[in-house]
Amino acid sequence: MKKRMILCLFCLLFAAGCGKSDPAADTVKEAGTDLPTAEELPEEPPASAAAGSQEEAAQEPDGTEASYPRELSAAELQEFTIWINRGDNCGNYGFLLSEYERPEDVDLDQVFYNGAGLASEPLSEEETAAFLKETGKEGIDGDITRLTTEQIRDFLIRKTGVSYEDMTHPLSWIYLEAYDIHVSDHGDTNYMNFTCVSGRQTGIETWELDCVPGNGDETFDFPCRLTIRRQDGEYQFVSNVRTDGPAYSMDIWKIEEQCFDVELEGWGTVTFTSYAPDPSVLETGDAVFCLEKNGEELFRFPDVMEGNRRPMQRFVRVLAVSFPDYSEDGNKDVIVLTEYQPLPERENQNPVTEVRLYRNRPDTNEFILDMDRMDTLNANRWNHSIQDVMDHMGESDRRILLDYLTDHEEEEEER
């Protein structure tokens, strides 16, 4: 009886490999926008990203600031997001962790908590002895950050235009006057990434950025409106005011050319939306795919890897999206091709392609990862195009069945 059932299953799968739907009849786009590598992340948003730079402002019809405010594009918001999170060796995010209407009122303990990206030299034996005497401790049990007054002063003038002596909230660190150094020991971090969800250029050299902390999976009470200016080619912090909004949004990472309106069984007319990861938060972050309607998320497709992170790979782009009924059950499924760069990057190392298969389950209002088929297609590199995937779907099914039969026979022999 068991042999008869297995034989029937084999016949059904063999038949399923024939007559697959033609992907050319479905929505397919094989294009994408490459994300920057960690080494390519900018220290400052490039002038080309800010369409209202001084040179371009001179080309405005009236040549004055009357052309502002100007809403920032998604590409510009991406650049500012990366600058806040990673710019100046992660020396910028601390300016968003306190509220101030004047730069001299910023909380310096938040700005310098992790050293503000400045070089911190180890304490000498004499400095260590002086620090322990000042604190009354018997030893150092945390991480030490050591900054000179000159380092702090130069950094603040560059970042705010205000000298350390004019700040209203000086550092609460231990100051060793004999060595003119400020010392802090701590065992944690205050790092927080932000996303610029909207913003505007308010003048030739001034911007307002609406920033939200975290990645949308945490709840924080300080979305803020950051004001910056450009002075001598560098961005300076002017003010940071907490607001009641806006809410977190991934919109600036939306891959417009890989978003499609589609009719899906069980869902109706929806928008399949592709989002790139924020490279300033995690270099190995992966893309996110959602079904949306009227701007609201209806369903987020399952991650391939736990935590939506790639082991030793960097997301490059979405190559293609298609909606064939590859499972031939009368419901449109989703096929996505993505491209990744292996890490660490080596010379002449080519990116790798991965196919994702999401099978439509309208009875439970979900799409599930078709992992067995995916593993077989990717292992055999049948993933160069949507057509390549469809052409080998039947062979994939037959190999899955063969693996099942082999495992089943081994289990029977063990019994």
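Let me begin with a single proline: P69 lies in the loop that connects α2 (54-57) to β1. Helices (H or I, at least four residues) and strands (E, at least two) are DSSP runs here, numbered from the N terminus. The peptide bond between Y68 and P69 is cis, with omega at about 5°.

Before going further, a word on the source. This is a predicted model, in which local features need pLDDT of at least 70 and side-chain atom pairs count only at pLDDT 80 or more, while totals for chains, interfaces and linings use all residues. Residues are numbered from 1 along each chain as its sequence is written, and side-chain values use heavy atoms, with hydrogens and water left out.

I return to the backbone. A second proline, P344, sits in the loop between β14 (334-342) and β15. L343 and P344 are likewise joined by a cis peptide bond, with omega at about -5°. Most peptide bonds are trans, and most residues other than glycine have a negative phi. Against that background, M312 has a positive phi, near 60°; this residue belongs to the loop between β12 (296-300) and β13 (313-322). E328 also has a positive phi, near 55°, and is placed in the loop between β13 and β14. E328 is partly exposed, at a relative accessible area of 37%; the term covers values between buried, under 20%, and exposed, over 50%, with a 1.4 Å probe and protein chains only.

Now the chain as a whole. The protein chain has nine helices and 16 strands. Of its 415 residues, 45% count as buried. Among contacts (heavy atoms within 4.5 Å) between residues at least 6 apart in sequence, 62% join residues at least 24 apart. The chain exposes about 20900 Å², and carbon and sulfur atoms supply 47% of that area, computed by the Shrake-Rupley method with a 1.4 Å probe.

Next, the strand that follows P69. Five strands form an open antiparallel sheet, in the order β1-β5-β6-β7-β8. β1 (70-71) and β8 (234-242) are at the edges with a single partner strand each, so one side of each has no neighbour in the sheet. Two strands count as paired if DSSP finds at least two bridges between them. β1 pairs with β5 (residues 194-203) in the antiparallel sense over two bridges, and R70 has Q201 of β5 as its bridge partner.

Finally, the empty space. On a 1 Å grid over the protein atoms alone, a cavity is a set of points where a 1.4 Å probe fits but cannot get out; a pocket is an open set with protein on both sides within 12 Å along at least five of seven lines; and lining residues have an atom within 4 Å of a point. A volume is the space filled by probe spheres set on the points, which are joined across faces, edges and corners.

The largest pocket has a volume of about 600 Å³. Its lining has 24 residues, of which N215, Y248, V288, G307 and N308 are the closest to the centre. By class, 11 are nonpolar, seven polar and six charged.

There are two cavities of 30 Å³ or more. The second largest has a volume of about 40 Å³, and its lining includes V288, N308, R356 and Y358. β11 (288-293) and β15 (352-361) each contribute at least two residues to that lining, which comprises six nonpolar, one polar and three charged residues.

How values were computed:
Nonpolar A, V, L, I, M, F, W, Y, C, P; charged D, E, K, R; others polar.
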